[in-house]
Structure formats: structure tokens, C-alpha cells
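Here are some exercises to work through with the model open beside you. Try each task before reading its solution.

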Amino acid sequence: MKDWTPLDHDMMRRALIQAQTALDEGEIPVGAVIVKNGQIIAEARNTRETRNDPTGHAELNVLREAAWVLGTWRMTGCTIYVTLEPCCMCASALMQSRIDRVIFGAYDRQAGGCGSLYRLTEDPAFNHYAPADGGLMEADCIRLINKALAAKR
């Protein structure tokens, strides 16, 4: 079990607020927050359904927002907190952004790119390495996802 810091818990709670908003909007409830020097740079959520955009994942949305705020695409010194393990598309985007660290809540055993199926952000074949740690507030993250799945049945 990882020793999570109070900051880690606070930021995942913020990501969970974004995920709840996504659920309220009819999206799969995934939320993300990017932090630099202990400060929130950007927050976002899934928007695939509301925008009819297959790339409307929380991670890509928060990367776009953070790049705008920072004035650069390079997320050096930043950590992303996301309620669901990033998929391979998002993991690749995180590597392209040069993010320092990936922290996620629930593992995605069907499409996970940061631990479940692949460990793309930690693959030595690529030119960037970003450690990924999962399981932070996992039960809370899973509860929201299960709520969305139950509503669709």
C-alpha cells in the first residue's frame, strides 16, 4: 500500500468533484486535476458524450487547460490526479506532455495504460518516464463508476 500524502488525498477529492459533475452531465464519471508546486493548474472531466468527441477524456481535457494556463505544452514539474487509470491514448498524451507523475484512483482492467494492461508512462522504450501509482481513494472512484453503469442498465 502506497503512503499517500495529504496533498494527494486533497487533489483526488478535487478530481472526484469533477467526476461527479461528469456523472451529472451523463458522462462516464472521470475527473482529473493537474498540480504544480502544490497548486492546482487545471481541472477537467470527461466530455465525450456532451461534445460528441472521442478524445474528450478527462486527461486530455485537463492537459489542454493546463497548457493554456501555463503557456506551454510541457508539463514539467506537474502531477496529474485522475479518478480512473488512463487508457493508452491518454497515457501517450501524458508522456508527450512530459508530465512528472501520474496518480490515479481506480484501476481499469479492460483498457488501463498505466498499470493494468500496460505501463506506457514507465516503458523504457520511450523518451519520457513518468511513474504511475494507482489505488488512491479507489473505493470512492469505483463507487462513482458503478453508479454510472447501474444507471445505464
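Helices (H or I, at least four residues) and strands (E, at least two) are DSSP runs, numbered from the N terminus. This is a predicted model, in which local features need pLDDT of at least 70 and side-chain atom pairs count only at pLDDT 80 or more, while totals for chains, interfaces and linings use all residues. Residues are numbered from 1 along each chain as its sequence is written, and side-chain values use heavy atoms, with hydrogens and water left out.

**Exercise 1. Place Ala22 in its element, decide whether Ala22 is buried or exposed, and list what Ala22 touches.**

Step 1. Find the element: Ala22 belongs to helix H1 (residues 6-24).

Step 2. Apply the accessibility classes: buried means under 20% relative accessible area, exposed over 50%, and partly exposed in between (1.4 Å probe, protein chains only). Ala22 has a relative accessible area of 0%, so Ala22 is buried.

Step 3. Look for contacts, meaning heavy atoms within 4.5 Å. Not counting residues up to four places away in sequence, Ala22 touches Glu27, Ile28, Pro29, Val30, Arg45 and Asn46.

Step 4. Finish with a distance: Ala22 and Trp68 stand 46 residues apart in sequence, and their C-alpha atoms are 22 Å apart in space.

**Exercise 2. Work out which residues have the most contacts inside the largest nonpolar core, and which element gives the most to this core.**

Step 1. Set the rule: a nonpolar core is a set of buried Ala, Val, Leu, Ile, Met, Phe, Trp, Tyr and Cys residues joined through side-chain atoms within 4.5 Å.

Step 2. Apply it: the largest core holds 47 residues, and Met12, Ile34, Ile80, Ile99 and Val102 have the most contacts inside it.

Step 3. Sort by element: two or more residues come from each of H1, strand E1 (31-36), E2, H3, E3, H4, E4 and H5. H1 gives the most, with six residues.

Step 4. Follow one member outward. Leaving aside neighbours within four places in sequence, Met12 is in contact with Tyr81, Val82, Thr83, Ile103, Phe104, Gly105, Leu136, Met137 and Cys141.

Step 5. Turn to a partner of Met12. Thr83 is found in strand E3 and, at 1% relative accessibility, counts as buried. Beyond four places in sequence, the contacts of Thr83 include Met12, Ala15, Leu16, Ala19 and Cys141.

**Exercise 3. Identify the buried residues of helix H4, say what covers them, and describe phi just after the helix.**

Step 1. In H4 (residues 88-97), the buried residues are Cys90, Ala91, Ala93, Leu94, Met95 and Ser97.

Step 2. Their cover includes helix H3 (58-70), strand E3 (78-84) and strand E4 (101-106).

Step 3. Just after H4, Arg98 takes a positive phi of about 65°. Arg98 sits in the loop between H4 and E4 and, at 23% relative accessibility, counts as partly exposed.

Step 4. Set Met137 beside it: Met137 also has a positive phi, of about 55°, although it is not a glycine. Met137 lies in the loop between strand E5 (132-134) and H5 and is buried, with a relative accessible area of 15%.

**Exercise 4. Describe the largest pocket by its volume and its lining.**

Step 1. Set up the search. On a 1 Å grid over the protein atoms alone, a pocket is an open set of points where a 1.4 Å probe fits, with protein on both sides within 12 Å along at least five of seven lines; lining residues have an atom within 4 Å of a point. Grid points are joined across faces, edges and corners, and a volume is the space filled by probe spheres set on the points.

Step 2. Read the result: the largest pocket has about 530 Å³ of space. Of the 22 residues in its lining, Ile28, Val30, Arg48, Leu84 and Asp108 are the closest to its centre.

Step 3. Assign elements: H2 and helix H5 (138-152) are those that give two or more residues to this lining. H5 gives the most, with four residues.

**Exercise 5. Count the disulfides, then examine Cys78 and Cys141.**

Step 1. A disulfide is a pair of cysteine sulfur atoms within 2.5 Å. A search of the whole structure finds zero.

Step 2. For Cys78, the nearest cysteine sulfur is that of Cys114, 16 Å away. For Cys141, the nearest is also that of Cys114, 14 Å away.

Step 3. Check burial: Cys78 counts as buried at 0% relative accessibility, and Cys141 counts as buried at 2%.
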